[in-house]
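Hi there,

Here is the structure I promised to pass on to you. Please open it next to this email and look up the residues as you read.

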Amino acid sequence: MKIHGVTELETLKADILISGVDKNSLNSTGRKELDRRFDGRLAGWLGKAIKTEQKELTQLPALSGGIPSVLFIGLGDRADLEEDTLREAFGLAGKKLRKEGAATVAVDIDSFTAAGISAEDAAYLTAEGLVLGSYEYPGMKTDQRESAPFLDELLLFTAEDSEDATAAAEIGRAFGYSVNEARTLVNMPANVLTAVRMAEYAEELAQEYGFETEILGKAQMEELGMGAILAVNQGSSEEPRLIVLKYKATEDFSDPLALVGKGVTFDTGGYSLKPKDGIVGMKGDMGGAAAVLGAMRIIGELRPNKNVMAVIGATDNMVSGNAFKPDDVITSLSGKTIEVLNTDAEGRLVLADAVTYAKRLGATRLIDVATLTGGVIVALGMDKTGVLTNDEEFFETFLNASKESGEFVWRLPLTENDKKRLRKSDVADLNNSPGRDGHMIFGGGFVGEFVGETPWIHLDIAGTSNAPAAYDFGPKGGTGVMVRTLAMLVEQLESK
Ligand code: BES
Ligand code: ZN
Ligand code: ZN
């Protein structure tokens, strides 16, 4: 998608123009203002029923000029118009325009500044919302029709040309497309997106954005003693991968933040087998890895002044004569031993070794992202990401980032008593499943046992990684949740 500023109505040519209307846009002063901006060309429309409630869309044919149609976006009462609402409205617009195949989309930036939103914010939210809302997963149907060209060009129509608005739209574009790539990874079936394929994708990203890579295969993992991820992989005929990407803002790679992702490409549960209904959808058990890769793509595009590494543990969790079993005792990369009580609690095992490896690579702050427990869905529903942390200040910065991105997160406690239960085993240092109560806390808390004193945040996205039905930003399926928040966090750490 190309982005340009346009200042002259005469030269504005697009398939559609998007314009914001708040409750006052259609009173007499509002109409005069619209008429002035559009040389009287809107006059004929203004008598029509244009809906002004928040997120209401009204599409009307244009009366003249180089624009065949106008899409009005309702902004409601400007006093309670929030950025998140506007992003959602653009998401809905993107969804609608996708169906119609609008290749060139213009946006009337001044209609949003008139409603109290800065030109930069309006441009950013337009680009991000349209790209998110127009997402489609192509799938593998053989009768695929060529979809109409969509969003090849975004024109920012403003009376005064603003380079800042163009730059802001470019950021929105980077955010939107990176989330969409993460969604596609989540939507891909596990016979296609294997651990090996995921590592190849990471290498493609590295090529494009100049990241350093380190990809470990099974033999190297065995040499290093990554007994936890290897146990999960034991029943599989697919090789595991430990994927490392480094974005080096400085040559010495000092003080790096590590983004650690659960990349379980399919989770059968292993011998603690999932029931037939619970197993469908487990191709999405790599949503954490997708979030990390999506965030790295934004980082590659925007090149912040902050060192960041991605560490992803990728494998499937299968059953076979070789698979690991309940009662097995395994030795993790850290040296800590683990009694396996449940082979379906595999994500925490994968993350244990990934987190240990990130620490060895010098991580001074850690965030792990994982579709870790059904418990987080019971506790918070499908629209809230669960959080654990060991560091108040880091959490506060993270919380601010999540507010910026509009991705809702909620923190749960992790107490000394919880830790005691994780350390309860007659035969090992830890057990991987202390009980079904406080489920999400034990999942994340287990990962915390490998973190030590390093400031750490755990994100359980089991509920939020996959949308059960279509929503404002597109179809059901992968959401790319946390891609934007992680990238925002990097931006906030940059200025620290
Ligand atoms: N991948 C699942 C968690 C999950 C559940 C993700 C639903 C997405 C939707 C995870 O590996 C798992 O199976 N967790 C178990 C843990 C239990 C055995 C301690 C669970 O949540 O039941
Ligand atoms: Zn599992
Ligand atoms: Zn899992």
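Below is what I found in it, going from strands to charged side chains and then to the surface.

Before you start, please keep in mind that this is a predicted model.

**The strands**

A good place to begin is strand S13, which covers residues 365–370. Is it enclosed by the rest of the structure, or open? 5 of its 6 residues are buried, so strand S13 is largely enclosed by the rest of the structure. You can also look at its partners. Strand S9 (residues 257–267) pairs with S13 in the parallel sense, over 5 bridges. Within this pairing, Leu-259 stands opposite Ile-367 of S13. Strand S17 (residues 456–460) is also joined to S13 by 5 bridges, and these two strands run parallel. Here Asp-368 stands opposite His-458, which belongs to S17.

Elsewhere, 3 strands form an open sheet with mixed pairing, and their order is S11-S12-S16. Which strands are at the edges? They are strand S11 (329–331) and strand S16 (430–431), each of which pairs on one side only. Strand S12 (residues 337–339) pairs with S16 in the parallel sense over 2 bridges. If you want to find one of the bridge partners, look for Glu-339 and Asn-431, the latter in S16.

**The salt bridges**

Now for the charged side chains. Side chains of opposite charge can pair when their charged atoms come close. How many salt bridges does the structure hold? There are 26 of them, and I picked out three for you to look at.

- Glu-128 and Arg-87 meet through their side chains, at 2.4 Å from N to O. Glu-128 belongs to helix H4 and Arg-87 to helix H2 (residues 83–100), so this pair ties together parts that are 41 residues apart in sequence. Both Glu-128 and Arg-87 are buried. They also belong to a network of salt bridges that links Asp-84, Arg-87, Glu-128 and Arg-484.
- Glu-200 forms a salt bridge with Arg-197, and their closest N and O atoms are 3.4 Å apart. The two sit 3 residues apart in helix H6 (residues 195–209), a separation of about one helical turn. Glu-200 is partly exposed, at 38% relative accessibility, and Arg-197 is partly exposed too, with a relative accessible area of 27%.
- Arg-423 and Glu-449 form a salt bridge between their side chains, at 2.7 Å from N to O. This pair links distant parts of the chain, 26 residues apart: Arg-423 is in the loop between helix H14 (416–422) and S16, while Glu-449 is in the loop between helix H15 (439–448) and S17. Arg-423 counts as partly exposed at 44% relative accessibility, whereas Glu-449 counts as buried at 10%.

**The surface**

Last comes a patch of negative charge on the surface. Which residues form it? They are Glu-83, Glu-120, Asp-121, Asp-161, Glu-163, Asp-164, Glu-404, Glu-491 and Glu-494. Three helices each give two or more residues to the negative patch: helix H4 (119–133), helix H5 (163–187) and helix H16 (483–494). To try one yourself, click on Glu-491, which lies in helix H16. Its relative accessible area is 37%, so Glu-491 is partly exposed.

Enjoy exploring, and write back with any questions.

Best wishes

Conventions. Residues are numbered from 1 along each chain as its sequence is written. Chains are lettered from A and ligands numbered from 1 in the order in which they are written. This is a predicted model: local features need pLDDT of at least 70, side-chain atom pairs count only at pLDDT 80 or more; totals for chains, interfaces and linings use all residues. Side-chain values use heavy atoms; hydrogens and water are left out. Patches are made of residues with over 30% relative accessible area and no salt bridge: like charges are joined within 9 Å, nonpolar side chains (Val, Leu, Ile, Met, Phe, Trp, Tyr) within 5 Å. Accessible areas come from the Shrake-Rupley method with a 1.4 Å probe; for residues, only the protein chains shown count as cover. A salt bridge is a side-chain nitrogen of Lys or Arg within 4 Å of a carboxyl oxygen of Asp or Glu. Lys and Arg count as positive and Asp and Glu as negative; His and the chain ends are not counted. The place of a charge is taken as NZ of Lys, CZ of Arg, CG of Asp or CD of Glu. Helices (H or I, at least four residues) and strands (E, at least two) are DSSP runs, numbered from the N terminus. Buried means under 20% relative accessible area, exposed over 50%, partly exposed in between (1.4 Å probe, protein chains only). Two strands pair if DSSP finds at least two bridges between them.
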